[in-house]
Amino acid sequence: METHKTYTVEEAKSALEYYCAYQERCHKEVQEKLKSMRMIPEAIDAVIVHLLNHNFLNEERFAKAYVRGKFKFKNWGRNRLTMELKRRQISKFNIQTGLKELDELDYYGVFDALAIRKCELIKESNKYKKRKKLADYLLYRGWESPMVYEKVNELIK
């Protein structure tokens, strides 16, 4: 027979304060964590209200941090960032607020550098296949289609 640790609401609050202080979290991640701790829905709501009231949980702050982090370290474009935030059930307003963290000059600079670097790495003699590989790579990373196709045509003639 399996035994699972049970948590009081106070223990859960304390554990989740640490969980949220360590790294920005969204409501969905916190709910999943509480469910994995086998908390009942009323206790989950109580803990989430506590975290919100004490500013451990803030979706706008999460969206901004998420956008900055994924753009800086994974070079994701707006489409991928938007999609991933929607998957985490972030509101449209907070997604827009988060995307405002992207500086236009940085955005295009990162895109250009990423496209050039990837283009040099693709070992393909057929220019059409090379174009497709580069376009697929950039689109998967969430860069906007017009930018991608314009850059692909510029780099691979």
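This report walks through a pocket, some aromatic rings and some salt bridges in one protein model. The model is predicted.

## The largest pocket

Rolling a probe the size of a water molecule over the atoms shows where empty space is left. Here the largest pocket has a volume of about 190 Å³.

Which residues line the largest pocket? They are Gln-23, Glu-24, Glu-29, Phe-62, Ala-65, Tyr-66, Gly-69, Lys-70, Phe-73, Lys-74 and Arg-88. Helix H4, residues 59–74, gives the largest share of this lining, with seven residues. The lining is mixed in class. Five of its residues are charged, four are nonpolar and two are polar.

## Aromatic rings

A pair of aromatic rings is described by the distance of the centres and the angle of the planes. The structure holds seven aromatic pairs. In one of them, Tyr-107 and Tyr-108, the ring centres are 5.8 Å apart. The planes of Tyr-107 and Tyr-108 meet at 80°, so this pair is edge-to-face. The cut-off for that label is an angle over 60 degrees.

Are Tyr-107 and Tyr-108 buried or exposed? Tyr-107 has 0% relative accessibility, so it counts as buried. Tyr-108 has 39%, so it counts as partly exposed. Buried means under 20%, and exposed means over 50%.

These two tyrosines also belong to a cluster. Phe-71, Tyr-107, Tyr-108, Phe-111 and Trp-143 form one aromatic cluster.

Rings can also have a charge above them in this model. The charged end of Arg-25 sits over the ring of Tyr-19, 3.7 Å from the ring centre. Arg-80 places its charged end over the ring of Tyr-140, and here the distance to the centre is 4.7 Å.

## Salt bridges

Side chains of opposite charge can pair when their charged atoms come close. The count for this structure comes to 13 salt bridges. The table lists three of them.

| Residue 1 | Residue 2 | N to O distance |
|---|---|---|
| Glu-10 | Lys-13 | 3.4 Å |
| Lys-64 | Glu-60 | 3.5 Å |
| Glu-84 | Arg-87 | 2.5 Å |

Where do Glu-10 and Lys-13 lie? Both are in helix H1, residues 9–22. They are three residues apart, about one turn of the helix. Glu-10 has 55% relative accessibility, so it counts as exposed. Lys-13 has 18%, so it counts as buried.

Lys-64 and Glu-60 both lie in helix H4. They are four residues apart, again about one turn of the helix. Lys-64 is partly exposed, at 24% relative accessibility. Glu-60 is partly exposed too, with a relative accessible area of 31%.

Glu-84 and Arg-87 belong to helix H5, residues 78–87. They are three residues apart, so about one helical turn separates them. Glu-84 is buried, with a relative accessible area of 7%. Arg-87 is exposed, with a relative accessible area of 53%.

Which residues are linked with Glu-84 and Arg-87 in a network of salt bridges? Arg-80 and Arg-88 are. Two members of this network have appeared before. Arg-80 has its charged end over the ring of Tyr-140. Arg-88 is one of the residues that line the largest pocket.

Key:
Residues numbered from 1 in each chain as written. Predicted model: local features only at pLDDT ≥ 70, side-chain atom pairs only at ≥ 80, totals over all residues. Heavy atoms only, no water. 1 Å grid on protein atoms, 1.4 Å probe; cavity = no way out; pocket = protein on both sides within 12 Å on 5 of 7 lines; lining within 4 Å. Points joined across faces, edges and corners; volume = space filled by probe spheres on them. Helix = DSSP H or I, 4+ residues; strand = E, 2+ residues; numbered from the N terminus. Nonpolar A, V, L, I, M, F, W, Y, C, P; charged D, E, K, R; others polar. Phe/Tyr/Trp six-rings, centres within 6.5 Å; stacked < 30°, edge-to-face > 60°. Buried < 20%, exposed > 50% of the residue type's maximum accessible area, 1.4 Å probe, protein only. Lys NZ or Arg CZ within 6 Å of the ring centre and 35° of its normal. Salt bridge = Lys/Arg side-chain N within 4 Å of Asp/Glu carboxyl O.
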